[in-house]
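Thanks for coming. I will take a few minutes to walk through one structure, starting with charged side chains and ending with the core.

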Amino acid sequence: MHFPSIFLAALLAVQLSDRGLCQQLPPQKFQTHPTRMNVTNWNHRRFRTSVAAERSDGIANNCKDLLTNLHDRVSVLATLDEDLRRRLENIENKMGQFETNNMGRLDSLAVQQTDFLKRLDTLDYMERQTKRNIDELKGDLNQERKKEEAIVLRTARETTDRLPQMVSNDVKLDSLGTLLLSTRSAVNELNNQLETNISKLSNMVARGFKHARRNNRQPTNFYDTRQPTEPLVTSCAQDVPTSNGILRLQLTPESDPFYVRCDDELFGGGWTLIQNRFNGKLNFYRGWLEYQTGFGNIGGEFFIGLDKLHALTSSAVHELLIMLQDFEGNSRYARYNLFAIGNEKEDYALNLLGEYEGDAGDSLTYHAGSKFSTFDNDNDGCVDCSCAQSRNGAWWYNWCDMSNLNGKYFEENYNNTPLYQGMYWDGFRGPSYSLRAVRMMIRPVNTDGDLQSK
């Protein structure tokens with residue numbers, strides 16, 4: 001039993017006790033016989049009777065007031081007990097959800113670790129094979145060097161045999177010594193060049209294995225004689241023509257291609273749009289699966305999807321640009337020089353957010369490190385609430401937010417919306433103003449932009 005329930009039981013016991021106390025006060029009776037006593041004694045008894053009656057009435061009134069107060073307090077305590085029980089149930093549900101998520105993540109990490117160890121064993125085997133090939137190559141090169149030395153010596157003998165017979169032995173010896181010195185110099189030069197080539201080859205192989213381990217994929221085959229394929233288009237920042245701003249990207253040869261919308265006007269161009277809202281025709285209050293895969297039309301309002309956003313930001317370090325506009329036509333921007341999110345097992349957490357610049361105010365740094373939440377997958381920092389449900393949106397909620405760019409779109413009363421309910425940015429117009437348009441876009445940080453706005 002909870003503490004408020006125990007306290008409530010004690011108060012009920014006190015109430016019953018007080019009722020018994022009040023009921024145990026019987027009215028006092030006085031028998032008077034005016035014929036058998038004098039007038040003085042009769043008056044005294046009458047006075048005592050009236051005093052006792054007044055005292056009994058006062059005790060009854062006090063008991064009634066006490067019972068009324070106890071009843072009011074019991075009602076208040078019952079209300080508090082119900083509220084605390086409801087809060088405890090919410091906290092228990094949250095703890096159960098956290099425990100379930102953590103167990104799933106631990107199982108996933110164990111599977112990933114097993115897979116990584118298998119790949120590491122494969123890479124070690126390939127490294128041993130490559131070293132064996134290098135040793136064989138060294139042996140072949142040594143054999144070639146010996147053949148070259150033999151050819152040089154045979155040439156020297158032939159040259160010596162062709163010298164005129166009238167040349168003295170001293171001249172022959174001098175010529176032979178000069179030839180041997182030049183031959184030795186040529187052999188040393190070939191040996192140095194061979195060692196340099198072997199060292200470069202070893203470094204290239206080592207770098208290939210390090211790169212393969214870092215990216216958890218197979219190393220480059222340096223002995224592949226096939227012609228290189230056409231480079232992949234992985235970003236709007238590449239010098240590739242678009243069709244009405246639409247570009248087809250493919251991040252790796254094994255991944256599936258997908259289409260994105262590009263912006264070539266803002267801050268030097270090369271931006272990939274990841275979210276676009278401007279008329280409120282598309283509902284953004286959606287569940288976890290839809291935010292994973294993305295929704296909408298890239299020619300209109302849309303969200304690119306958390307899976308694609310993670311793939312883009314993990315393929316290269318990106319920066320983030322957010323363009324905001326109110327219903328009066330005023331525009332502001334917020335730019336962060338680093339941006340990346342985690343994978344599904346990390347709940348697409350906002351793992352990387354760089355320094356802010358712009359004129360809209362910094363309303364995203366508060367969310368750095370937070371996980372993504374939707375109304376059916378609560379990952380925020382609030383213990384006894386769901387920010388996605390109370391904010392009518394989906395975002396990297398902390399406890400809860402300073403921005404909510406996937407919130408509800410208001411066409412009417414946009415400047416006096418319910419607090420934190422609209423598509424708002426705290427640094428620009430505040431939490432009770434729902435903006436008219438929002439665009440979020442990313443670009444690799446190594447892109448050379450002219451830093452000039454539209």
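Which residues are linked in a network of salt bridges? They are Asp83, Arg86, Arg87 and Asp384. A salt bridge here is a side-chain nitrogen of Lys or Arg within 4 Å of a carboxyl oxygen of Asp or Glu.

Before going on, some ground rules. This is a predicted model, in which local features need pLDDT of at least 70 and side-chain atom pairs count only at pLDDT 80 or more, while totals for chains, interfaces and linings use all residues. Residues are numbered from 1 along each chain as its sequence is written, and side-chain values use heavy atoms, with hydrogens and water left out.

On confidence: pLDDT is the predictor's confidence in each residue, from 0 to 100. The protein chain has a mean pLDDT of 80, and 71% of its residues reach 70 or more. Residues 212-228 have pLDDT below 50, and this stretch has 23 contacts in the model beyond near neighbours in sequence. Contact means heavy atoms within 4.5 Å. Residues 450-454 are also below 50, with 12 such contacts. Where pLDDT is low, the predicted coordinates should not be read in detail.

Back to salt bridges. A search of the whole structure finds 15 of them. I will show three pairs. Two terms come up: helices (H or I, at least four residues) and strands (E, at least two) are DSSP runs, numbered from the N terminus. Buried means under 20% relative accessible area, exposed over 50%, and partly exposed in between, with a 1.4 Å probe and protein chains only.

In the first pair, the side chains of Asp263 and Arg439 meet at 3.3 Å, N to O. This pair links distant parts of the chain, with Asp263 in strand E2 and Arg439 in strand E12 (residues 437-444), 176 residues apart. Asp263 is buried, at 9% relative accessible area, whereas Arg439 is partly exposed, at 28%.

Stay with Asp263 for a moment. Strand E2 covers residues 258-263. A polar atom of the Asp263 side chain lies 3.1 Å from the backbone nitrogen of Glu265. Leaving aside neighbours within four places in sequence, Asp263 is in contact with several residues, among them Gly269, Trp271 and Met441.

The second pair is Glu319 and Arg443, whose closest N and O atoms are 3.0 Å apart. Glu319 is in strand E6 (residues 318-325) and Arg443 in strand E12, 124 residues apart. Are these two buried or exposed? Both are buried.

In the third pair, Arg429 forms a salt bridge with Glu328, at 3.2 Å between the closest N and O atoms. Arg429 sits in the loop between strand E11 (424-425) and E12, and Glu328 in the loop between E6 and strand E7 (331-340). Arg429 is partly exposed at 40%, and Glu328 is partly exposed at 44%.

Now the core. A nonpolar core is a set of buried Ala, Val, Leu, Ile, Met, Phe, Trp, Tyr and Cys residues joined through side-chain atoms within 4.5 Å. The largest one has 58 residues, and those with the most contacts inside it are Leu320, Leu324, Leu364 and Trp425. E6 provides the largest share of this core, 5 residues. Beyond neighbours within four places in sequence, the contacts of Leu320 include Trp271, Tyr336, Leu364 and Met441.

One last residue: Leu180 lies in helix H3 (residues 169-215) and is partly exposed, at 41%. The C-alpha atoms of Leu180 and Leu153 are 8.3 Å apart, with their positions 27 residues apart along the chain.

How values were computed: A polar contact is a pair of N or O atoms within 3.5 Å; within protein, one must be able to donate a hydrogen and the other to accept it, and residues adjacent in sequence count only if both atoms are side-chain atoms.
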